[in-house]
Amino acid sequence: MQEILDIQYIGEWAWAEQLGQLCAITAMVAALFSAIAYFSSSQWQERDLKKSESWKRLARGGFYVNCVAVLSIIAIMFLLILNHRFEFKYVWQHSSLDLPVYYMISCFWEGQEGSFLLWAFWTAVLGLVLIATARKWEAPVMTFVTLMQIFLGAMLLGIYFFGYKIGSDPFMLLRDDPSNANAPIFMRANYLEFLKDGTGLNPLLQNYWMVIHPPTLFLGFAGCLVPFAYVMAGLWKRDFGKDWIQPTLKWSLFAAAVLGTGVLMGGAWAYEALSFGGFWAWDPVENASLVPWITLIAGLHTLLAFKNTGHALKATVIFLTLTLWLVLYSTFLTRSGVLGDTSVHSFTDLGMSGQLLAFMFSFLFLAVYLIVTRWNDMPSPKKEESAYSREFWMFVGALVMAMLAALVTVDTSWPVLNDIFGTNRVITEPVPHYNRYSIWFGIFIALFSALVQYLRYKREPLNKLIKSVVFAAVLSLAFTVMSTLALDLQYFPNIILLFMAYYAIFANANYIFAGLSGQLKVAGGSVAHIGFGLILVGVIFAFGKQEVISLNTMGIDYGEEWSEENKMENVLLYKDKPIQMGPYWVTYLGDSLSAPNTYYKVHYAKKEKETDKATESFTLYPNAQKNPNMGLIANPSTKHYFSKDIFTHISAATDKELQKEEQGEQLTEIEVGVGETALVAGVMVKLNRINPNPDGGLIYIPVEGDIAAGAELSIIAKDNAQYEANPIYYIRDNREMNIEANIEELGMTIRFDKIFPEKNKIKLSVLDREEPMDWIIMKAVVFPYIGILWIGCFVMVIGFVMSIFHRRREGKQITEMLRKKEANEVNKAETVGGMQPVLRSKE
């Protein structure tokens with residue numbers, strides 16, 4: 001070990017390691033100092049304003065240092081990645097020389113250390129905004145923001161404390177990794193000369209969504225901290241007045257808008273790139289980001305009820321607290337390695353499971369303590385809400401969302417529950433499982449979003465409500481009937497959900513013009529509800545009636561590793577050989593390499609039957625790359641129409657490198673049963689029947705005692721030409737013998753090798769003397785009217801943004817009032833402070 005320490009390594013950026021570690025330690029220490037100072041400022045806030053301001057100035061200084069340190073870490077990380085400094089473990093693990101710049105940016109947050117750093121960055125940005133805008137709430141709110149920065153900073157330390165490792169150092173040198181302790185390469189001072197490249201970005205993540213989705217999602221996670229911090233500050237100070245409601249509401253809307261956008265981006269990524277075959281696959285990591293958003297929406301609605309009526313404060317506190325805790329719980333699920341076998345994009349365990357649990361339970365215990373000790377201090381009107389009031393039904397809707405969040409959380413948490421209780425519960429078919437109950441929750445949530453708008457706070461306008469919603473109900477029923485007939489919807493819950501989705505759209509649209517007189521400035525909530533309704537309509541249309549057009553009508557067996565469903569839904573295409581898929585003639589035109597991906601040119605043409613003239617044509621370019629550890633990693637290509645999407649995905653393709661190695665004669669052994677077809681050397685071989693009395697002519701002359709069988713085969717060549725072949729297998733004098741069949745036009749010889757009675761199959765050996773042709777196996781799916789879903793996503797986000805601006809305008813008046821109040825308090829304090837020397841002199 002001493003010899004290794006004495007080696008003077010050539011070309012290493014050791015200064016970056018030391019500077020980065022210094023910045024990481026500085027960031028955490030500064031956050032700790034700032035948290036203590038903000039806590040002290042809060043404690044003195046009501047007793048001595050000058051002391052409070054003095055502590056606040058110190059706290060701000062500490063937080064500014066934290067921000068500078070976090071930015072410095074980010075700058076050093078990017079410097080290392082962009083300069084391909086593969087001596088650093090993080091750079092080596094997540095980047096490579098062949099990555100374009102935008103994917104190199106994605107490398108920054110692919111790993112756990114980078115994603116925690118991204119989270120800390122957004123928390124720092126929001127902290128700076130709070131310093132500028134929170135006014136009297138700055139100290140108590142920032143106490144919890146800096147507490148978050150302490151925990152996030154600890155995740156980047158990578159130091160040992162009493163034998164326990166705290167965090168993971170993003171600046172660890174590859175040679176310092178304990179797993180490389182005995183690697184001979186690091187005994188060389190010039191080892192960098194042999195470290196030519198990194199392992200690269202995960203192929204599944206090499207997509208433009210990786211550039212924009214994680215930053216948006218982590219901004220949403222950081223945004224969830226702010227409503228939580230206001231709730232904790234309100235409990236701490238026993239203050240839930242208007243000056244508390246306005247910023248809490250505004251920040252809740254911001255967090256809901258950004259986190260919702262991040263979740264929707266994840267759905268778009270799954271649909272477009274991850275080949276889940278849909279917008280939402282109920283992947284555990286998807287669920288882990290969806291559930292906090294659901295509870296945040298529930299808390300947002302109960303907060304609105306509290307703002308207008310004074311009811312539902314306790315529910316608001318619970319929902320907004322639960323939102324951040326669920327964000328932390330999702331962090332544990334995705335980073336502890338517990339989901340490694342159930343999710344395609346969870347992180348591996350870096351040995352920080354204990355630290356993640358401490359992170360999660362620290363915030364939980366703190367929140368529970370404040371909620372329990374301040375429970376009786378939270379104001380609650382004695383008069384119960386009317387069953388016809390808006391706040392009552394908003395509360396009921398929030399409970400429905402909470403129940404959905406609880407069910408999804410439990411089902412997502414089965415890997416954890418299995419470890420705790422020793423069970424073995426596995427959800428093998430997640431999409432039908434989650435859809436089975438979530439569809440009913442969607443029905444009720446859509447209903448509430450339609451009806452609640454018409455109710456008034458503290459009023460019971462039942463007659464007016466009935467008159468207002470009849471028009472929307474009739475219109476919704478008409479559209480539901482037309483859609484059901486047009487799309488041939490048969491699943492009854494889908495039809496009910498479709499009606500409720502239409503109802504949410506038309507009822508909220510009617511409310512904007514009838515209830516709000518067309519005042520769009522205050523219609524953000526209704527617009528968001530319309531977007532939600534459109535999303536539901538798009539989901540039912542696109543995924544309830546999706547159609548696979550790439551049907552394997554030839555029954556080709558692609559191998560045992562293919563499921564029966566995948567065999568039936570994937571079709572083989574030879575280069576320049578068109579095949580019909582639904583209304584289209586599809587032709588594979590070849591490929592081109594753009595490292596590291598291979599792009600496959602697939603041409604679609606719709607033709608008139610009479611003239612064979614193309615009435616519509618387009619070309620798609622799905623791509624894939626061959627990964628030695630993960631196999632073929634494919635990214636689909638999609639043709640977008642207003643009324644549909646045509647989704648094209650490569651499932652298998654010619655291995656050009658393998659072809660070069662195997663040029664010349666190629667022997668392939670296959671097993672087939674009667675009626676089955678196998679793909680061999682670019683041709684299809686079908687076993688029609690087994691003849692127990694084969695006629696071999698002059699080649700095979702039966703002898704008494706022979707046991708013989710002939711395989712009657714149909715051969716379909718690449719140009720669709722058909723041939724017959726009849727190889728013979730026989731046993732004579734206890735010796736297995738065979739008569740080969742030659743297909744001279746194809747340069748192919750087929751030998752009947754063996755019979756497997758227990759499998760009802762036979763074994764054939766196929767010798768091919770021709771170079772295999774270029775081919776792909778692809779899947780094509782039509783998603784009808786999926787554009788409605790994307791429009792709904794956009795409209796819902798716009799609704800949130802409109803609400804944010806509305807609440808901002810609404811809060812200006814309150815902010816101005818607070819400024820005057822604070823100015824008076826400062827003047828009063830200065831006056832009292834100036835009188836003290838005079839009083840002493842008189843004494």
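A cavity here is a set of grid points where a 1.4 Å probe fits but cannot get out. I kept that meaning in mind while going through this predicted model.

**Entry: cavities**

I asked how many cavities of 30 Å³ or more the structure holds. The count is 3.

I took the largest cavity first. Its volume is about 70 Å³. I listed its lining: Asn287, Ala288, Val291, Pro292, Leu326, Tyr329, Ser330, Leu333, Thr409, Thr412 and Ser413. Three helices give two or more residues each to this lining: α10 (284-309), α11 (313-335) and α13 (390-412). I then sorted the lining of the largest cavity by class. I noted 6 nonpolar residues, 5 polar and no charged.

Next I went to the second largest cavity. It encloses about 50 Å³ of space. Its lining is made by Ala24, Ala27, Asn66, Val70, Ile73, Ala120, Gln149, Leu152, Gly153 and Leu156. Here the elements with two or more lining residues are α2, α3 (49-82) and α7 (138-154). By class I wrote down 7 nonpolar, 3 polar and no charged residues for the second largest cavity.

**Entry: nonpolar surface patch**

Helix α2 came up again when I looked at the surface. Trp15, Leu19, Leu22 and Leu79 form a nonpolar patch there. Together they have about 370 Å² of accessible area. Which element gives the largest share of the patch? I found helix α2 (residues 14-44), with 3 residues.

I checked Trp15 by itself. This residue lies in helix α2. Its relative accessible area is 42%, so I logged Trp15 as partly exposed.

**Entry: Trp119**

I wanted another tryptophan to set beside Trp15. I picked Trp119, which sits in helix α6 (residues 112-133). Is Trp119 buried or exposed? Its relative accessibility is 1%, so I put Trp119 down as buried. The cut-off for buried is under 20%.

I also looked up the spacing to Trp109. The C-alpha atoms of Trp119 and Trp109 are separated by 9.7 Å. Along the chain the two residues are 10 apart.

**Entry: positive phi**

Most residues other than glycine have a negative phi. I therefore looked for exceptions to that rule.

Asn734 is one of them, with phi near 65°. I located Asn734 in the loop between β19 (728-732) and β20 (735-739). Its relative accessibility is 79%, so Asn734 counts as exposed.

Tyr785 also has a positive phi, near 55°. I found Tyr785 in the loop between β24 (775-784) and α21 (787-842). At 33% relative accessibility, Tyr785 is logged as partly exposed.

**Entry: salt bridges**

Side chains of opposite charge can pair when their charged atoms come close. I counted a pair when a side-chain nitrogen of Lys or Arg was within 4 Å of a carboxyl oxygen of Asp or Glu. That gave me 22 salt bridges. I followed up several.

Glu87 and Arg85 came first on my list. Their side chains meet in a salt bridge at 2.8 Å, N to O. I asked whether Glu87 is buried or exposed. Glu87 has 1% relative accessibility and counts as buried. Arg85, with a relative accessible area of 15%, is buried too.

Then I turned to Glu669 and Lys763. The N to O distance in this salt bridge is 3.5 Å. How far apart in the chain are Glu669 and Lys763? I noted 94 residues, and the pair links distant parts of the chain. Glu669 belongs to strand β14 (residues 666-672), and Lys763 to strand β23 (residues 761-768).

Arg751 and Glu740 were next. I read 3.8 Å, N to O, for this salt bridge. Arg751 lies in strand β22 (residues 748-756) and Glu740 in the loop between β20 and β21 (741-743), so the pair ties together parts that are 11 residues apart in sequence. I recorded Arg751 as partly exposed at 25% relative accessibility. Glu740 is likewise partly exposed, with a relative accessible area of 41%.

Last, I looked at shared partners. Which residues are joined into one network by salt bridges that share partners? I wrote down Glu12, Arg175 and Asp176.

Technical notes
Residues numbered from 1 in each chain as written. Predicted model: local features only at pLDDT ≥ 70, side-chain atom pairs only at ≥ 80, totals over all residues. Heavy atoms only, no water. Patch = residues over 30% accessible without salt bridge, like charges linked within 9 Å, V, L, I, M, F, W, Y side chains within 5 Å. Areas by Shrake-Rupley, 256 points an atom, 1.4 Å probe, with all protein chains shown as cover. Helix = DSSP H or I, 4+ residues; strand = E, 2+ residues; numbered from the N terminus. Buried < 20%, exposed > 50% of the residue type's maximum accessible area, 1.4 Å probe, protein only. 1 Å grid on protein atoms, 1.4 Å probe; cavity = no way out; pocket = protein on both sides within 12 Å on 5 of 7 lines; lining within 4 Å. Points joined across faces, edges and corners; volume = space filled by probe spheres on them. Nonpolar A, V, L, I, M, F, W, Y, C, P; charged D, E, K, R; others polar.
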